[in-house]
Amino acid sequence: MSSTVFLSMTKAIEYLGDVSNAQRMLGTLESTLETEVPRIASAIETQNFTNLQKIWHQLKGFAPVFCHDHMVAEITQTETLCKRIQLPDEQAAALKASTQLLKHLQEMLSEVKAQQAS
């Protein structure tokens, strides 16, 4: 398996029991990311922190299965920032973290597609 920055097929195989199950679930991850990436971009553009927090919470469910630990931590931290947005500085921090995480999810989607193609 090739080296990836965000996707961990090793963790997925350990979690799901074998390569076959991991490959099948990878398709679900791909379709989820393809749906959520545009929703995240829209929520960032409109500064809809409620939607962002909900999306991050949902993605936190698959993260321990498919993501390297640093990505799991980034999702968790970004979700927390989107919950605390009363002050302008908190809004700016949540937007910055969400924008960075969106970029990482786009890169992860590329890793997923490459893994699917191999």
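**Helix α1 and its neighbours**

Me: Which are the buried residues of helix α1 (residues 9-16)?
Reply: In this predicted model, they are Met9, Ala12 and Ile13.

Me: What makes those buried residues line one face of α1?
Reply: Look down the axis of α1: the buried residues fall within an arc of 95°, so they sit along one face of the helix. A general point helps here: an α-helix has 3.6 residues a turn, so residues three or four places apart point the same way.

Me: And which exposed residues does the face turned away from the buried side of α1 carry?
Reply: That face carries Glu14 and Tyr15.

Me: What covers the buried residues of α1?
Reply: The cover includes α2 (19-45), α3 and α5 (88-117).

Me: Which residue takes a positive phi just after α1?
Reply: Gly17 does, with a phi of about 100°.

Me: Why are α1 and α3 called roughly perpendicular?
Reply: Their axes cross at roughly 95°. The range for that name is 65 to 115 degrees, so α1 and α3 count as roughly perpendicular to each other. The axes also come within 6 Å. Lys11, Ala12, Tyr15 and Leu16 of α1 make the contact with Pro64, Val65 and Phe66 of α3. By class, that gives six nonpolar residues, no polar ones and one charged.

Me: How do you know that α3 and α4 are roughly antiparallel?
Reply: Check the angle again: the axes of α3 and helix α4 (residues 69-83) cross at roughly 155°. The name applies over 145 degrees, and α3 and α4 are therefore roughly antiparallel. Their axes come within 9 Å, and α3 passes α4 in a left-handed crossing.

Me: Which residues make the contact of α3 with α4?
Reply: Those of α3 include Phe49, Leu52, Gln53 and Trp56, and among those of α4 are Glu79, Cys82 and Lys83. The contact has nine nonpolar, four polar and three charged residues.

Me: Gln53 is in that list, so why does Gln53 count as buried?
Reply: Its relative accessibility is 18%. Buried means under 20%, so Gln53 counts as buried. Gln53 is part of helix α3 (residues 49-66). Beyond its neighbours within four places in sequence, Gln53 touches Glu79, Cys82 and Lys83.

Me: Then why does Glu45 count as exposed?
Reply: Glu45 has a relative accessibility of 71%. Exposed means over 50%, so Glu45 counts as exposed. Glu45 belongs to helix α2.

Me: How many residues apart in sequence are Glu45 and Thr99?
Reply: They are 54 residues apart in sequence, and 9.6 Å apart in space, C-alpha to C-alpha.

Me: Back to α3: what makes α3 and α5 oblique to each other?
Reply: They pack at an angle of about 40°. Angles under 35 degrees count as roughly parallel, and 65 to 115 as roughly perpendicular. The angle falls in neither range, nor over 145, so α3 and α5 are oblique. Their axes are 12 Å apart, and the crossing is left-handed.

Me: And which residues make the contact between α3 and α5?
Reply: From α3 come Phe49, Leu52, Trp56, Leu59, Phe62 and Phe66. The α5 side includes Ala94, Leu95, Leu101 and Met108. By class, the contact of α3 with α5 has 12 nonpolar, two polar and no charged residues.

Notes
Residues numbered from 1 in each chain as written. Predicted model: local features only at pLDDT ≥ 70, side-chain atom pairs only at ≥ 80, totals over all residues. Heavy atoms only, no water. Helix = DSSP H or I, 4+ residues; strand = E, 2+ residues; numbered from the N terminus. Buried < 20%, exposed > 50% of the residue type's maximum accessible area, 1.4 Å probe, protein only. Contact = heavy atoms within 4.5 Å. Arc of directions from axis to C-beta. Axes fitted to C-alpha atoms, helices over the stretch in contact; angles between N-to-C directions. Left-handed = near helix turned anticlockwise from the far one by under 90°. Nonpolar A, V, L, I, M, F, W, Y, C, P; charged D, E, K, R; others polar.
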